[in-house]
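Here's a quick walk through one protein and the ligand it holds. Have a look at the structure first, then read on.

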Amino acid sequence: MRIKRAVAITALAAASLAAAQAQQPAPQNPPASPPKPQPQQRSLVPDTFTNLLVLPKDIAKVDLVRIMKSISMTTERRCSFCHVATDDLSQADFASDEKETKRKARELLQFILETQKKPAGAPAAP
Ligand code: HEC
């Protein structure tokens, strides 16, 4: 009898130990290697603009970039489609009007902005 009891207690102890172990958090994955120091990220778009003929000359950079990004998204073209620039923009001359696509896009932009100024259905000026 004694032995049976001892076996039962041992079994119980082993079971509770196993349960306790199961509750422990899974072993941690080895820590991710520390992030490599990034080279100083230079902003690719200049802070001032020198060749805006349609957009307001004092436009905030954040607004200009937002407009350019939405132009890129809607036309499904990279910045370099209109701008003299490498695809990764590491080299860019955004002010240049060399590309015809940019000049055409400017005409379109002007047309859109003019249309927006006049609310649809507004009475003609007397
Ligand atoms: C479909 C043609 C088109 C695409 C694509 C485009 N742009 Fe432009 N971008 C223009 C036009 C047109 C202007 C000039 C607007 C004006 O004259 O007011 C301009 C002006 C700019 C300027 C101001 C340059 C200056 O100094 O006068 C910057 C900076 C610029 N774009 C950045 C970008 C970036 C960054 C992208 C990509 C996210 C981009 N553009 C994509 C047409 C485009």
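The shell around the ligand divides into 16 nonpolar, six polar and four charged residues. Keep in mind that this is a predicted model. Of the 26 residues around the ligand, the ones that come nearest are Phe 49, Asn 51, Met 68, Cys 79 and Cys 82.

So much for the residues; now the helices. Which helix gives the most to the shell around the ligand? That's H2, with six residues. Three helices each supply at least two residues of that shell:

| Helix | Residues | Supplied to the shell |
|---|---|---|
| H2 | 61-75 | at least two residues |
| H3 | 79-82 | at least two residues |
| H4 | 100-117 | at least two residues |

Stepping back to the whole chain, the protein has four helices and two strands. Read from the N terminus, its elements go α-α-α-β-β-α. Buried residues are just 2% of the 126 in the protein. As for contacts with a separation of 6 or more, 30% of them involve residues 24 or more positions apart.

One loop residue is worth a visit. Ile 59 sits in the loop between helix H1 (2-23) and H2. Is Ile 59 buried or partly exposed? It counts as partly exposed, because 14 other C-beta atoms lie within 10 Å, while a buried residue needs 20 or more. If you set aside neighbours within four places in sequence, Ile 59 is in contact with Leu 52 and Leu 64. Thr 48 is eleven residues from Ile 59 in sequence, and their C-alpha atoms are 9.1 Å apart in space.

Conventions. Residues are numbered from 1 along each chain as its sequence is written. This is a predicted model: local features need pLDDT of at least 70, side-chain atom pairs count only at pLDDT 80 or more; totals for chains, interfaces and linings use all residues. A residue is near a molecule or strand if its C-beta atom, placed from the backbone, lies within 6 Å of it. Ala, Val, Leu, Ile, Met, Phe, Trp, Tyr, Cys and Pro count as nonpolar, Asp, Glu, Lys and Arg as charged, and the others, Gly among them, as polar. A residue is buried if 20 or more other C-beta atoms lie within 10 Å of its own, exposed if 12 or fewer, and partly exposed in between; C-beta atoms are placed from the backbone. Two residues are in contact if their C-beta atoms, placed from the backbone, lie within 7 Å.
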